[in-house]
Amino acid sequence: MWLLFLLVACSAAVLSCALLCRAAVAAARATSGPAPQPPPPGTVPETAAVGRRGPGLTLYEMAYLSGGPHRLADVVLVLMAQQRRLLLADTGWATVVDPVGKDAVERATLSAIGPDGQRRIPAIRDALTGDDAVREVADRLVTDGLALPVAVRPGIAGAVRLVRGAALLVLPAAAASYWTAPDGADGGLLLAWFSLPLILTLGTWAVARFELHPYSDWATTAGERQLPGIGHSPATAATPSSLVTLALRGPAALTDPALRAALHSSGA
């Protein structure tokens, strides 16, 4: 019976480490393209209407690189709510107050809410994920080498979680093997066999922590470098610091309890 537990532990360790290596190689290939070029003078993407924070990134681009299309959706919803053009209820519903969008993403948000002027926030997120306006933001970031292509997602972050889970699996598997081992079996030798998958997973995890951290399923290494630090740029009237914090850290970082409740109650 103990051999079965050892087989499970070894299989989980090898498979998770192989998936992490594969994700790292895919991410490296995705980031090996040419360095992003700044836009020509005088040209500003339409989505930059909400202001820029950091070198060459719009607020929507920061949100996408930090948390993907759902984070971008949260940012545009909160942006419109702060400008009193949407009402976000703590029950997870969004209601249109002003049906005029200022850019392509806002217009897509209004279209996602629909003609009734009210819709649940999770449904709006899902609709925006497949909208052309959001795909345009994503495609631009992928072309510039700042975002990971769809082919390499879910990437390193998910693979690291699998390695961590495999490492934790080794411990109960070793304990179960020790207690189910036949009488007279060498307990020390039995546990030594389990040290192999444990060393493999912990070693791979340590290397990933040193070489690949911070883990991201959205931004490439170049994209991570483009993201500003919290508080490193002054807030502007067009882009308040609360929106930058939301874009970089997610709904949990919101200081407005009503907005935080609206996003969290809807599954953010």
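**Figure 1. Glu106 of helix α3 and its surroundings.** In this predicted model, E106 is a residue of helix α3. E106 is buried, its relative accessible area being 1%, and under 20% is the range that counts as buried. Leaving out residues up to four places away in sequence, the contacts of E106 are Y60, V76, L79, M80, R85, V100 and G101. E106 also belongs to the α3 side of the contact between α2 and α3, which is the subject of the next view.

**Figure 2. Packing of helix α2 against helix α3.** Two packed helices are described by the angle between their axes and the distance between the axes. For α2 and α3, the angle is about 65 degrees and the axes are 10 Å apart. Their crossing is right-handed. On the α2 side, the contact is formed by Y60, L72, V76, L77, L79 and M80, and on the α3 side by V105, E106, T109 and L110. Sorted by class, the residues of this contact are eight nonpolar, one polar and one charged.

**Figure 3. The largest nonpolar core.** This core has 46 residues, and L65, L72, V78, L88 and L141 are the members that touch the most others. At least two core residues come from each of α2 (59-82), β1 (86-88), α3 (104-113), α4 (121-129), α5 (132-143), α9 (241-249) and α10 (257-265). The greatest contribution is that of α2, which provides 15 residues. L72 may be taken as an example: with residues up to four places away in sequence not counted, L72 touches Y60, A63, Y64, V105, V134 and V137. Apart from this core there is a second, separate one of eight residues, among them L6, A173, A181 and L190.

**Figure 4. Leu254 in the loop between α9 and α10.** L254 is located in the loop that joins these two helices. With a relative accessible area of 6%, L254 is buried, since buried means under 20%. Apart from neighbours within four places in sequence, L254 is in contact with V78, S242, L246, L259, R260 and L263. V78 is 176 residues away from L254 in sequence, yet their C-alpha atoms are 9.8 Å apart in space. V78 is also one of the residues that touch the most other members of the largest nonpolar core.

**Figure 5. Ser16 and Val163, a contact between helices α1 and α6.** S16 is placed in helix α1 (residues 2-30), whereas V163 lies in helix α6 (residues 156-180). Both residues are buried, S16 with a relative accessible area of 4% and V163 with one of 0%. The side chain of S16 reaches the backbone oxygen of A13 at a distance of 3.1 Å. Not counting residues up to four places away in sequence, S16 touches L162, V163, A166 and T201. By the same count, V163 touches S16, C17, L20, T201 and W205. T201 thus appears in the list for S16 and in that for V163. V163 and G203 are 40 residues apart in sequence, and their C-alpha atoms are 10.0 Å apart.

**Figure 6. Arg84 in the loop between α2 and β1.** R84 occupies a place in the loop between α2 and β1. Most residues other than glycine have a negative phi. R84 is not a glycine, but its phi is positive, at about 60 degrees. R84 is exposed, with a relative accessible area of 64%, because values over 50% count as exposed.

**Figure 7. Glu224 in helix α8.** E224 is found in helix α8 (residues 221-226). Its relative accessibility of 25% makes E224 partly exposed, as this value falls between the limits of 20% and 50%. E224 and A147 are 77 residues apart along the chain, and 9.0 Å separates their C-alpha atoms.

**Figure 8. The chain as a setting for the close-up views.** The chain has 10 helices and three strands. Read from the N terminus, the order of its elements is α-α-β-β-α-β-α-α-α-α-α-α-α. Of its 268 residues, 40% count as buried. Among contacts with a separation of 6 or more, 71% are between residues 24 or more positions apart.

Conventions: Residues numbered from 1 in each chain as written. Predicted model: local features only at pLDDT ≥ 70, side-chain atom pairs only at ≥ 80, totals over all residues. Heavy atoms only, no water. Core = buried A, V, L, I, M, F, W, Y, C linked by side-chain atoms within 4.5 Å. Buried < 20%, exposed > 50% of the residue type's maximum accessible area, 1.4 Å probe, protein only. Helix = DSSP H or I, 4+ residues; strand = E, 2+ residues; numbered from the N terminus. Contact = heavy atoms within 4.5 Å. Axes fitted to C-alpha atoms, helices over the stretch in contact; angles between N-to-C directions. Left-handed = near helix turned anticlockwise from the far one by under 90°. Nonpolar A, V, L, I, M, F, W, Y, C, P; charged D, E, K, R; others polar. Polar contact = N/O pair within 3.5 Å; in protein donor to acceptor, adjacent residues only side chain to side chain.
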